[in-house]
Amino acid sequence: MNFRRGQKREDPEINLIPFIDVLLVVLIFLMVTTTYSKFTELKITLPTADAEKALEKPFELNVTVDAKGNYTINNQPVSFSNVAGLAEDLKTAARTGNNGQPAPTGEKGPVVVVNADQFAMHQMVINVLEAARMAGYDKLTFAAQTGEKK
């Protein structure tokens, strides 16, 4: 420490050149790495609706399996002897269509809807699946019915 009296102190020197250099480097970095655009907008594809187009319901074969071992195809009882017989019944129902109406043409096959009672044996549902495979129908849907066991 300098405790001498009478010595005149020098004014501190502030050197701004290094500070200006750092600011210029930051400014150049921001100019190079930032992209500027005149307009900013989001590209959004909005949903559209067409009221004139009607949805076509696919042709369905409703196969019902109950807990007693009964099969019905489109509310028509079917006697089950084997899987091949059930496959033929599915083909016949597909040819005649729902409610006696002829089946629509041009489709690969109907959608087989399996409505199984919750107390029906699993093997009965597997029989329907195997019959649909044998009939050549590859579109399957399942529905479950709940109720009390009688």
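In the predicted model, Tyr 71 is buried, with a relative accessible area of 3%. Tyr 71 also takes part in an aromatic pair with Phe 80, in which the ring centres lie 5.0 Å apart and the planes meet at 35°, a geometry that counts as tilted. The partner ring is placed otherwise with respect to solvent, since Phe 80 has a relative accessibility of 34% and therefore counts as partly exposed. The count of aromatic pairs comes to one.

Tyr 71 belongs, moreover, to the largest nonpolar core, which comprises 24 residues and in which Leu 61, Tyr 71, Ile 73, Leu 86, Leu 90, Val 128 and Tyr 137 have the most contacts. Two or more residues of this core come from each of β1 (60-65), β2 (71-73), α2 (83-96), β4 (111-117) and α3 (122-135). In soluble globular proteins, nonpolar side chains tend to be buried together. The surroundings of Ile 73 illustrate how these elements meet: when residues up to four places away in sequence are left out, Ile 73 touches Leu 61, Asn 62, Val 63, Val 78, Leu 86, Asp 89, Leu 90 and Ala 93.

With regard to the chain as a whole, three helices and five strands are found, and from the N terminus on their order is α-β-β-β-α-β-α-β. Of the 150 residues of the protein chain, 23% count as buried. Among the contacts with a separation of 6 or more, 69% are made by residues 24 or more positions apart.

The pairing of the strands involves β1 with two partners, β4 and β2. With β4, the pairing of β1 is parallel and extends over six bridges, and Leu 61 stands opposite Val 112 of β4. With β2, the pairing of β1 is antiparallel and extends over three bridges, and here Val 65 stands opposite Tyr 71, the buried residue described at the outset. The hairpin formed by β1 and β2 has five residues between its strands, and within this hairpin Gly 69 adopts a positive phi near 95°. As for β4, six of its seven residues are buried, so this strand is largely enclosed by the rest of the structure.

The loop between β2 and β3 contains both Asn 74 and Asn 75, and each has an unusual backbone setting in view of the general rule. Most residues other than glycine have a negative phi. Asn 74, although not a glycine, has a positive phi of about 50°, and the phi of Asn 75 is likewise positive, near 65°. The two residues nevertheless differ in their accessibility: Asn 74 counts as buried because its relative accessibility is 13%, below the cut-off of 20%, whereas Asn 75, with a relative accessible area of 68%, is exposed.

Turning to the helices, α2 has 14 residues and reaches 20 Å from its first C-alpha to its last, close to the 20 Å expected at 1.5 Å a residue. Its buried residues are Val 83, Leu 86, Ala 87, Leu 90, Ala 93 and Ala 94. These residues cover an arc of only 120° around the axis, and they therefore lie on the same side of α2. The cover over them includes β1, β2, β3 (76-78) and α3, while three of the buried residues of α2, namely Leu 86, Leu 90 and Ala 93, are among those touched by Ile 73.

A corresponding description can be given for α3. Its 14 residues should span 20 Å at 1.5 Å a residue, and the end C-alpha atoms are 20 Å apart, which agrees with this expectation. In α3, the residues that are buried are Met 124, Val 125, Asn 127, Val 128, Ala 131, Ala 132 and Ala 135. Since they cover an arc of only 150° around the axis, they are placed on the same side of α3. On the other side of α3, by contrast, His 122 and Arg 133 are exposed. The helix is followed by Gly 136, whose phi is positive, near 90°.

Terms used: Residues numbered from 1 in each chain as written. Predicted model: local features only at pLDDT ≥ 70, side-chain atom pairs only at ≥ 80, totals over all residues. Heavy atoms only, no water. Core = buried A, V, L, I, M, F, W, Y, C linked by side-chain atoms within 4.5 Å. Buried < 20%, exposed > 50% of the residue type's maximum accessible area, 1.4 Å probe, protein only. Helix = DSSP H or I, 4+ residues; strand = E, 2+ residues; numbered from the N terminus. Contact = heavy atoms within 4.5 Å. Phe/Tyr/Trp six-rings, centres within 6.5 Å; stacked < 30°, edge-to-face > 60°. Expected span 1.5 Å × (residues − 1). Arc of directions from axis to C-beta. Pairing = 2+ DSSP bridges.
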